[in-house]
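Reader: I would like a close look at one part of this model. Please take the open sheet and its surroundings, then set them within the whole chain.

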Amino acid sequence: MAKPQKRYVCQACGSVSHRWAGQCGDCAEWNTLVEEAGAVVTPFQAKHNLQSGGRTVQLVGLDADIALPDRMATGIAELDRALGGGFVQGSATLIGGDPGIGKSTLLLQAAARLASGAARRVAYVSGEEAADQVRLRARRLGLGNAPVQLAAATSTRDILTTLSIGPAPDLLVIDSIQTMHSDLIEGAPGTVSQVRASAQELIRFAKERGTALVLVGHVTKDGSIAGPRVLEHMVDTVLAFEGERSHQYRILRAIKNRFGGTDEIGVFSMQSEGLSEVANPSALFLTHRDEGVTGATVFPALEGTRPVLVEIQALTVRLASGATPRRAVVGWDSGRLAMILAVLEARCGLSFSSAEVYLNVAGGYRVQDPAADLAVAAALVSALSERPVPVDAVAFGEIALSGEIRPVAHAALRLKEAGKLGFERALVPTAMAKEESALTLSGFRTLTQFVDHMLGR
Ligand code: TYD
Ligand code: MG
């Protein structure tokens, strides 16, 4: 018989190797390999007799009848939207986010809504806070009377034993999976093997009993869910709760969803009485004013299929010659800013080389869409020339290195949202100037044309 092979699991990335080493070969972290009990059977060691032993499985066609999963809408529209219509029974959802971003608050609110509004059985298990702390928070949120079953526990065996008595809960919240401990396996809570084993037990319970399971996951400095990527593979849905702690808005984004799309987001704002839904996100990010200021442009961004109007602000400061000018960016890609500045210099004859350039997306919002190029260029040209962009205009379009302005996706959605918020003009790529729209569209083929238009040349 083959000697059981030792197996070492990296506690940072979860990769498995058969020899101990000081540094993980996959993620290059030091001192993260830990021996795990249990031999692994590699496909080479396992010799199946193909004719015997297994049972036959049923094969069906793709067109066979489908049993649609049961969904529980929480009544919090922004959460339901991100989930694709509500929590699916018998499914597992992982929600990740920075500490203090509002994961516990959101789930407590969702739990309370399901328990009191929809009369569902809801269990909330906190491994991070004492029951009193959770109750205190619930009371502060005005949810003190919701019939949520609350427990402070960290042992998955205890939790599952308790929940196996009587009817299973419709929703089970585990806050957080990193605090859970399974006695089936050695190791401290939070290690990859513990997180994986605890999640496995909880997910098995959820699938067997038709419970919708929600696991809260901590996020590491680099933004991935702490420890295991494996966790993301084990669950059906992965949600990320994002935002700047210093700003009030939060975005709930589906990263993976076996039961729905991943292009919907939920927008919330953190208030003193908990998270409130933001049905009209554009209003959150726009600063209202009646007169144009220099260096500010409104950009109709898209979050999935949802338009969000944001203000892009630029400031240029002339420097005495000699000093190296600064470029600072908040909320946008600095490489992309360098590119736009280069195109403005090389193709349009504007010089930023002796000016410091600051670019900011208002409200703490992060823009990733290349369609913002034209709005950024407009803000930069406006800041440099001290001519305001008209207050009733929005701008979007991608800028190529050649100076061409290229069409972008979802122009109609962007224009519609801008129209809804009272904008009357849009500066767009030529190819999109023929779009049906209530706005007056000005099309530009090249950045040179656009700059000439802005400077009245
Ligand atoms: P929390 O839900 O505990 O975050 P997480 O579980 O993601 O770590 O949220 C904590 C933060 O939210 C805390 O800094 C205070 C703030 N907060 C409010 O502003 N208003 C509220 O009503 C609540 C409950 C929290
Ligand atoms: Mg928490």
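Author: What follows goes from the whole chain to the sheet, and then to a single residue elsewhere.

This is a predicted model. The protein chain holds 11 helices and 23 strands. Its C-alpha trace spans about 80 × 55 × 50 Å along the principal axes. Of its 457 residues, 46% count as buried. Contacts can be sorted by separation in sequence. Take those in the protein chain with a separation of 6 or more: residues 24 or more positions apart account for 66% of them.

Now the surface and the charges. The protein chain exposes about 22900 Å². Carbon and sulfur atoms supply 51% of that area. There are 45 positive and 47 negative side chains. The centres of these two sets lie 4 Å apart.

Next, the sheet. It is open and has nine strands. Their order is E8-E7-E9-E10-E6-E11-E12-E13-E14. The pairing is mixed. Strand E8 (149-152) and strand E14 (274-277) stand at the edges. Each has a single partner strand, so one side of each is left without a neighbour in the sheet. From one strand to the next, the twist averages 25°.

Look closer at one pair within this sheet. Strand E6 covers residues 92-97, and strand E10 covers residues 212-218. The two pair in the parallel sense. Six bridges join E6 and E10. For Ile95, the bridge partner in E10 is Val216. A helix packs on the sheet here: H5, residues 192-209. Helix H5 touches E6, E10 and strand E9 (171-175). The direction of H5 makes about 160° with that of E10.

Last, a single residue. Glu417 is found in helix H10, which runs over residues 411-420. Is Glu417 buried or exposed? Its relative accessibility is 6%. Buried means under 20%, so Glu417 counts as buried. Which residues does Glu417 touch, leaving aside its neighbours within four places in sequence? Glu417 is in contact with Asn280, Ser282, Pro307 and Leu309. Asn360 is not on that list of contacts. Glu417 and Asn360 are 57 residues apart in sequence. In space, their C-alpha atoms are 22 Å apart.

To recap the sheet: E8 and E14 stand at its edges, E6 and E10 pair in the parallel sense, and H5 packs on it.

Terms used. Residues numbered from 1 in each chain as written. Chains lettered and ligands numbered in written order. Predicted model: local features only at pLDDT ≥ 70, side-chain atom pairs only at ≥ 80, totals over all residues. Heavy atoms only, no water. Helix = DSSP H or I, 4+ residues; strand = E, 2+ residues; numbered from the N terminus. Buried < 20%, exposed > 50% of the residue type's maximum accessible area, 1.4 Å probe, protein only. Contact = heavy atoms within 4.5 Å. Areas by Shrake-Rupley, 256 points an atom, 1.4 Å probe, with all protein chains shown as cover. Lys, Arg positive; Asp, Glu negative; His and termini not counted. Charge placed at Lys NZ, Arg CZ, Asp CG, Glu CD. Pairing = 2+ DSSP bridges. Axes fitted to C-alpha atoms, helices over the stretch in contact; angles between N-to-C directions.
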